[in-house]
Amino acid sequence: MNHVVICGASGYIGQQLRDALEAIGMEVRTIGRGGSSDAVWSDEQGVVDLLNGADLVVNLAGRSVSCRYNKRNADEIFSSRVETTAQLGRALARTSQPPSLWVNASTGTIYRDARDRPMDEKSGELGKGFSVAVARAWEQELFDAPTPVRKVALRMSIVLGAGGGAINPLINLARMGFGGKMGDGRQMFSWVHIDDVVRSITHIAEHQDIAGPVNVATPFPVTNDEMMREVRATLGRRRGLPTPSWMLQFGARIIRTETELVLKSRWVEPGVLADTGFQFKFPTLDSALEQIARETPRGLLPVALG
């Protein structure tokens, strides 16, 4: 594998993936909406030409879900995922030398709110609601695309990493003293370090028997209560005020986001990765937070790691 095309390379995961692949000598080209991309979505023939002869295409395009789900935002969230995936499928069907693998972003939020057992790719039960509907349509567009390319839907859990990912809002809450449990604190928090997201993609490329949905989540999730305790420990804070559900509902309206992002119990099990021998670099939350603290400038994240 030498030639990779990334769609949505301007986002946090896309930037990290591009840097990692270029660091090991791969040629990386990009598809996006801006002029800095090698091809833009509005130029259909340019997208076809860029994909032709590539070894791997990774589609990470999609509007952030950290917003209020009003009609305008909901429409953008849906179209930015489903329509770009559909366009990519049409372009791949027109290439004379399509990539051997198409990895498309998806989400572990596709599963139901789970507190009784983990959700793997074989026995996991899909949930209901707007986020699940988006995820299902997203994956259906991928798997229905008229191209014989091997396809993988990357069902990512919450991604953590230095300089981005989902950890910064939690750190900010803890720094302001609101570092206690959220809601009842018993909801499961499935997560994955950004380095393991990148490594999972190269693992999938190397294992040609992997196809279909793939959960990307550490095998050691924690409860929300445990997660916030680890965040406080990394910051050197012993206590933090809890935020009950009613306060989260109120606060979410002020900062224009949805409480689902912290109150839904996500318990995602990486069955396919485990069965194919994938080894996580950061399997536990304390190891991930330690690395994030170490790689983050002290002015942004005061650390007390002992």
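Here are four short exercises, with worked solutions, on a predicted model.

**Exercise 1. Work out the order of the seven strands in the open sheet, and find which strands stand at its edges.**

Start with the order: the strands run 3-2-1-4-5-6-11, and the pairing is parallel. Now look for strands with a single partner: these are strand 3 (39-40) and strand 11, so one side of each has no neighbour in the sheet. Next, see what packs on the sheet. Helix 1 (residues 12-23) touches strand 1 (3-7), strand 2 (27-32), strand 4 (56-59) and strand 6, and its direction makes about 170° with that of strand 1. Helix 6 (residues 194-206) touches strand 4, strand 5, strand 6 and strand 11, at about 160° to the direction of strand 6.

**Exercise 2. Take strand 6 (residues 150-156) and decide how its two faces are covered.**

Step one is a simple count: seven of its seven residues are buried. Step two is to split them by face. In a regular strand, side chains alternate between the two faces of the sheet. Here one side carries Arg150, Val152, Leu154 and Met156, the other Lys151, Ala153 and Arg155, and all are buried. So much for the faces; the partners come next.

**Exercise 3. Trace how strand 6 pairs with strand 5 (residues 101-107) and with strand 11 (residues 212-216).**

With strand 5, the pairing is parallel over seven bridges. You can check the register at two spots: Leu101 stands opposite Arg150, and Val103 has Val152 as its bridge partner. To get from strand 5 to strand 6, the chain goes through helix 4 (residues 130-144), and this β-α-β crossover is right-handed. With strand 11, the pairing is again parallel, over five bridges, and Met156 sits opposite Val216 there.

**Exercise 4. Is Phe278 buried or exposed, and which residues outside its sequence neighbourhood does it contact?**

First, place it: Phe278 lies in the loop between helix 10 (271-275) and helix 11 (285-295). Its relative accessible area is 8%, and because the cut-off for buried is under 20%, Phe278 counts as buried. Then leave aside neighbours within four places in sequence: the contacts of Phe278 are Asp196, Arg199, Ser200, His203 and Leu273.

Finally, follow the chain into helix 11. The axes of helix 7 (residues 224-235) and helix 11 come within 10 Å and cross at roughly 35°, in a right-handed crossing. Helix 7 brings Met227, Glu230, Val231 and Thr234 to the contact, and helix 11 brings Leu285, Asp286, Leu289 and Ala293. By type, these residues divide into five nonpolar, one polar and two charged.

Notes
Residues are numbered from 1 along each chain as its sequence is written. This is a predicted model: local features need pLDDT of at least 70, side-chain atom pairs count only at pLDDT 80 or more; totals for chains, interfaces and linings use all residues. Side-chain values use heavy atoms; hydrogens and water are left out. Helices (H or I, at least four residues) and strands (E, at least two) are DSSP runs, numbered from the N terminus. Buried means under 20% relative accessible area, exposed over 50%, partly exposed in between (1.4 Å probe, protein chains only). Contact means heavy atoms within 4.5 Å. Two strands pair if DSSP finds at least two bridges between them. A crossover is right-handed if, with the strands pointing away from the viewer, the path from the first strand over the helix to the second runs clockwise. Axes are lines fitted to C-alpha atoms, for helices over the stretch in contact, and angles run from 0 to 180 degrees between N-to-C directions. A crossing is left-handed if the near helix is turned anticlockwise from the far one by less than a right angle, and right-handed if clockwise. Ala, Val, Leu, Ile, Met, Phe, Trp, Tyr, Cys and Pro count as nonpolar, Asp, Glu, Lys and Arg as charged, and the others, Gly among them, as polar.
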